[in-house]
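This report covers fold, surface, nonpolar core and one residue picked out for closer description. The sequence and the model come next.

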Amino acid sequence: MSLVTVILLAIALAMDCFVVSIANGITMRHIQWVPILKMSFLFGLFQAAMPLIGWLTGIWFKDIIAAWDHWIALIILSVLGGKMIKESLFEKEDETGQPAIRWNMLAALAVATSIDALVTGVLFVTEPIPLFIFDLAIIGMVSFIFSVVGNTIGIFMGKHLPINMKLVGGLLLIGIGLKIFLEHTNFLSNLFS
């Protein structure tokens with residue numbers, strides 16, 4: 001696989017991390033580098049680890065992964081998005097500007113946003129191991145960068161938009177879950193065909 005192809009694949013895989021990071025950033029009042037970098041590291045790690053797991057399992061589990069990944073992502077993101085929406089409507093607003101996505105949610109988000117990367121591991125089965133490790137590093141680094149940028153954009157948006165940003169963040173998470181589900185099930189293309 002060429003370097004350009006790997007970078008484009010990494011960007012495609014990082015888009016869900018990017019949007020979830022925006023959802024997290026919009027609830028913050030100012031840049032907090034420690035939570036942002038921890039979240040970004042975790043997202044990058046999972047985005048790199050999932051293709052590795054897919055590569056290790058090879059094509060044996062490809063069909064099983066493809067059959068369930070969209071359901072897992074939809075459920076996790078909907079539950080977490082619903083929790084954020086509930087907090088935005090029924091709990092007193094957090095004036096400290098702490099991240100809306102707590103640590104107990106981060107691992108679930110990292111899995112949900114990277115589970116579709118499991119199947120991409122099969123693309124690398126014929127790659128030499130050193131090149132495959134380099135490809136994984138690119139995928140992880142791109143997700144890390146997109147997450148940092150997404151959080152920063154979200155913080156800027158949260159400061160300048162006079163709306164309930166925690167509600168927006170929850171809706172974004174549910175929307176990402178639905179997007180993953182609809183893309184993987186070809187629901188829309190089947191609906192209009």
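## Ser-147 and the helical fold

Ser-147 is buried, its relative accessible area being 0%; buried stands for under 20% relative accessible area, exposed for over 50% and partly exposed for in between, with a 1.4 Å probe and protein chains only. The model is predicted, so local features need pLDDT of at least 70 and side-chain atom pairs count only at pLDDT 80 or more, while totals for chains, interfaces and linings use all residues. Residues are numbered from 1 along each chain as its sequence is written, and side-chain values use heavy atoms, with hydrogens and water left out.

Ser-147 belongs to helix H6. Apart from neighbours within four places in sequence, Ser-147 has contacts (heavy atoms within 4.5 Å) with Ser-21, Met-39, Ser-40 and Phe-43.

The chain has eight helices and zero strands, where helices are DSSP runs of H or I with at least four residues and strands are runs of E with at least two, numbered from the N terminus. Chain totals are listed below.

| Quantity | Value |
|---|---|
| Buried share of the 193 residues | 45% |
| Share of contacts with a separation of 6 or more that join residues 24 or more positions apart | 91% |
| Exposed area of the chain (Shrake-Rupley, 1.4 Å probe) | about 10000 Å² |
| Part of that area from carbon and sulfur atoms | 76% |

The largest nonpolar core (buried Ala, Val, Leu, Ile, Met, Phe, Trp, Tyr and Cys residues joined through side-chain atoms within 4.5 Å) has 33 residues, and Phe-43 is among those that touch the most other members. Helix H1 (3-25) and helix H6 (129-160) are among the elements giving two or more residues to this core. H1 gives the most, seven residues.
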